[in-house]
2 protein chains.
Amino acid sequence: MKANRNYDKLEGSYLFSKIAKKVSEHQALHPDNVIIRMGIGDVTKPLCDAVVTALHGAVSEMADSKTFRGYGPEQGYGFLHQAIQAYYQKRDIALDDKEIFISDGAKSDLGNILDLLDLDNHVLVPDPVYPVYVDTNIMAGRPITFLDACEENGFLPLPDPSIQADIIYLCSPNNPTGAVYSKDQLCQWVDYALEKEAIILFDAAYESFIRDPELPRSIYEIPGAKECAIEFCSFSKTAGFTGVRCGYTIVPHTLRAGGANLNRMWTRRQTTKFNGVSYISQRAAEAVFSPEGMQQVKTTIDYYLGNAALMMEALDSLNIAYLGGANSPYIWLKCPNGMDSWSFFDLLLKQANLVVTPGAGFGKNGEGFCRLTAFNSRENTAEAMARIKAIL
Amino acid sequence: MKANRNYDKLEGSYLFSKIAKKVSEHQALHPDNVIIRMGIGDVTKPLCDAVVTALHGAVSEMADSKTFRGYGPEQGYGFLHQAIQAYYQKRDIALDDKEIFISDGAKSDLGNILDLLDLDNHVLVPDPVYPVYVDTNIMAGRPITFLDACEENGFLPLPDPSIQADIIYLCSPNNPTGAVYSKDQLCQWVDYALEKEAIILFDAAYESFIRDPELPRSIYEIPGAKECAIEFCSFSKTAGFTGVRCGYTIVPHTLRAGGANLNRMWTRRQTTKFNGVSYISQRAAEAVFSPEGMQQVKTTIDYYLGNAALMMEALDSLNIAYLGGANSPYIWLKCPNGMDSWSFFDLLLKQANLVVTPGAGFGKNGEGFCRLTAFNSRENTAEAMARIKAIL
């Protein structure tokens, strides 16, 4: 038996373990210091009432032989397809129910979708980047080209016609930078993908943080996208489902893919290698789209965006440059005084008992930047900003 | 962009759609006939009380910011690892918690584990077979050899030293045949795998139906298995979790795999391509292992095995040969009077309004056999047997 030796090419993922080690060393030296974590990428608010009611209801159904549900469709239940169809229809995007696949999260499907694509396709990813896009392709042995996301292009790189790409990753609002593509910019990407006969893997996990009505929340707001793009979305950040596990993936019938029907291939992949998402989680996801659910998750996102606004105000007053915050839970700040990512990390930890995420952990263009998130409490966020102001 | 053309080699999976078409045509001709489905592969009894209580409790935790859980470990929570460790320890199998990976079901992991294995490994699968073993390898383009499971070997094929295999699939209790390997037989497989430096993918999804204390419920009851076998298990049939989605996979630290550390590779695969199982489902799975949970799921399995006993009694009285039923929810019967699978299917449908699964749908050696399951109600099972007796 031979193992897949591509795994040998993976670099260690030391970012979060290195952070944890530095934090625990600092805490050990200063046991009474109260450390505030501004780097957390997880939600902190509990599930909203509409979701909790739906969860209890689904559990009760599972307790009664008359309403018990066993295996569901691998692609998800019709009731959830319909709720998602209606959600997209609000933005005049018409989806067929067989184009919607319920997943246990965007991360799973972003990795698994690669099963459908030949191994010698050329992959294009921005730098800095969510490491999953890179590592899943290294595991399969595909060649990867990095596209510079940097201050010059507002961390929103545009297509370079001289590069032949087959698989393109775009994430907007972006993790880690918080930058959001405009419609015009996404049009350029769709045109490029159609021209190169490439496929765009569009990660829309943070779409619900967009408040600016001019900014696109789905790649399918762009003409031609249904011929070249797959969209991945999740209830994790929309409704605090990071522990509930539910998302969805849209694979249009009209995707061009060198003559292959990716919708039919994905259906076959999922029916063969997946058994669907928990019925209980799917009822919870349906409740997100109810009028009460929509209102309640908006209230929570408003809370996080309120934290982001506090941070933006503090950074403005300190003349620290940053991206994100207005339409994203992430703030990507330029380390002051020309500091590198880890030096600023160390400064904040040692002098202010604050933990952030060094941008260098997301790629070479992340050097000199740090990622803050809006997921802490209002009180901690305010205290963190006061501490930054005090030391800078 | 080029698609993975191995998908073109997949044969259509028409078995269940062909059954559905025949059934609906028959029902349309005879709208008043009451059809009983004896082919269902899904559980029908609701979740047990211990599980329902745990589910409601976990939902309530998710509703409160003090007890809310976001992202959990991709490999699953420690509380569930510990419950599984204790379950194996009862049979004197010591597992390290880092050898246990919580999954959303055996089907997902049986497919995804192939990510770790080189594409030119040689695959050995029995025939008849759970189609997932075959299709997942066709998708990846691996060569497959079929091993005859037939009347002569009691549908329990043993290793053939002249065949060089790298990846071996074993399922015991078997789907579709209900046959269960003895310890001595599994020893032969483990010895063969060690000799050939092959890996056994052991599907133990039906282990909880084993009542004979002499029969092995885990491959790790066999000396040497921790050097050559990965075990896949599920709460689907154990505790009616087909709609709840939770299972587990055991990847020992000591697996030999051409110098690679498959445990470390699987950890990397899961942390990169998976975000863990719903916290709510994991608390439900934990409750299965509580004293009340164990008693309650045993009661449900006893009920299904009671159905199987009714079927065995009827088949015995008709002198119809069969396998399974005693330690399995499946009964694999030889069609009487030399009928082929679909002829017997048609006879039962037209003359007795019964639906079974034709064995030919599981591979060439399934021809002449049909699969019945114990998952219907006691009343329907008794009525189905009375109808079979009436026509044969």
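Leaving aside its neighbours within four places in sequence, Leu201(B) is in contact with Leu110(B), Ile113(B), Ile167(B), Ile168(B), Tyr169(B), Ile230(B) and Phe232(B). In this predicted model, Leu201(B) is also one of the residues with the most contacts inside the largest nonpolar core, a distinction that belongs as well to Ile200(B), Ile200(A) and Leu201(A). That core has 249 residues.

**Relation of the two chains**

A turn of 180 degrees, with a shift of 0.0 Å along the axis, lays chain B on chain A with an RMSD of 0.0 Å. The two copies are thus related as by a two-fold rotation axis. The contact surface follows this relation, in that 100% of the contact residues of chain B recur in chain A, and the same surface therefore serves both copies. Which residue of chain B comes closest to the rotation axis? It is His56(B), whose C-alpha lies at 3.1 Å from the axis.

Between the chains, 63 residues of chain B are in contact with 63 residues of chain A. On the side of chain B that touches chain A, at least two residues each are supplied by α2 (49-62), α4 (106-112), α5 (131-140), α8 (262-273) and α9 (279-288) of chain B. By class, this side of chain B has 30 nonpolar, 18 polar and 15 charged residues.

**Domains of chain A**

Chain A is divided into domain 1, which takes in residues 8-47 + 292-391, and domain 2, which takes in residues 49-290. The centres of the two domains of chain A, taken over C-alpha atoms, are separated by 26 Å. Their contact takes 33 residues from domain 1 of chain A and 38 residues from domain 2 of chain A. On the domain 1 side of this contact, α10 (291-317), β9 (322-324) and β10 (330-334) of chain A each supply at least two residues, and α10(A) gives the most, with eight residues. The same side of domain 1 of chain A has 15 nonpolar, twelve polar and six charged residues.

**Two covered strands**

In a regular strand the side chains alternate between the two faces of the sheet. Strand β8 (residues 247-250) of chain A has both faces covered, with Gly247(A) and Thr249(A) on one side and Tyr248(A) and Ile250(A) on the other, all of them buried. In chain B, strand β13 (residues 369-373) is mostly covered, since five of its five residues are buried. Phe369(B), Arg371(B) and Thr373(B) point one way from β13(B), whereas Cys370(B) and Leu372(B) point the other way.

The strand pairings are set out here.

| Strand | Paired with | Sense | Bridges |
|---|---|---|---|
| β2(A), residues 100-103 | β8(A) | antiparallel | four bridges |
| β7(A), residues 229-234 | β8(A) | antiparallel | four bridges |
| β10(B), residues 330-334 | β13(B) | antiparallel | five bridges |
| β12(B), residues 357-358 | β13(B) | antiparallel | two bridges |

Individual residues can be placed within these pairings. Ile250(A) in β8(A) is the bridge partner of Ile100(A), and Glu231(A) stands opposite Ile250(A) as well. In β13(B), the bridge partner of Leu333(B) is Cys370(B), while that of Thr357(B) is Arg371(B). Cys370(B) and Arg371(B), which point opposite ways from β13(B), are both buried.

Definitions and conventions:
Residues are numbered from 1 along each chain as its sequence is written. Chains are lettered from A and ligands numbered from 1 in the order in which they are written. This is a predicted model: local features need pLDDT of at least 70, side-chain atom pairs count only at pLDDT 80 or more; totals for chains, interfaces and linings use all residues. A residue is buried if 20 or more other C-beta atoms lie within 10 Å of its own, exposed if 12 or fewer, and partly exposed in between; C-beta atoms are placed from the backbone. Two strands pair if DSSP finds at least two bridges between them. Two residues are in contact if their C-beta atoms, placed from the backbone, lie within 7 Å. Ala, Val, Leu, Ile, Met, Phe, Trp, Tyr, Cys and Pro count as nonpolar, Asp, Glu, Lys and Arg as charged, and the others, Gly among them, as polar. Copies are superposed by least squares on the C-alpha atoms of residues with pLDDT of at least 70 in both. A nonpolar core is a set of buried Ala, Val, Leu, Ile, Met, Phe, Trp, Tyr and Cys residues joined through C-beta atoms within 7 Å. Domain bounds come from an automatic or database domain assignment.
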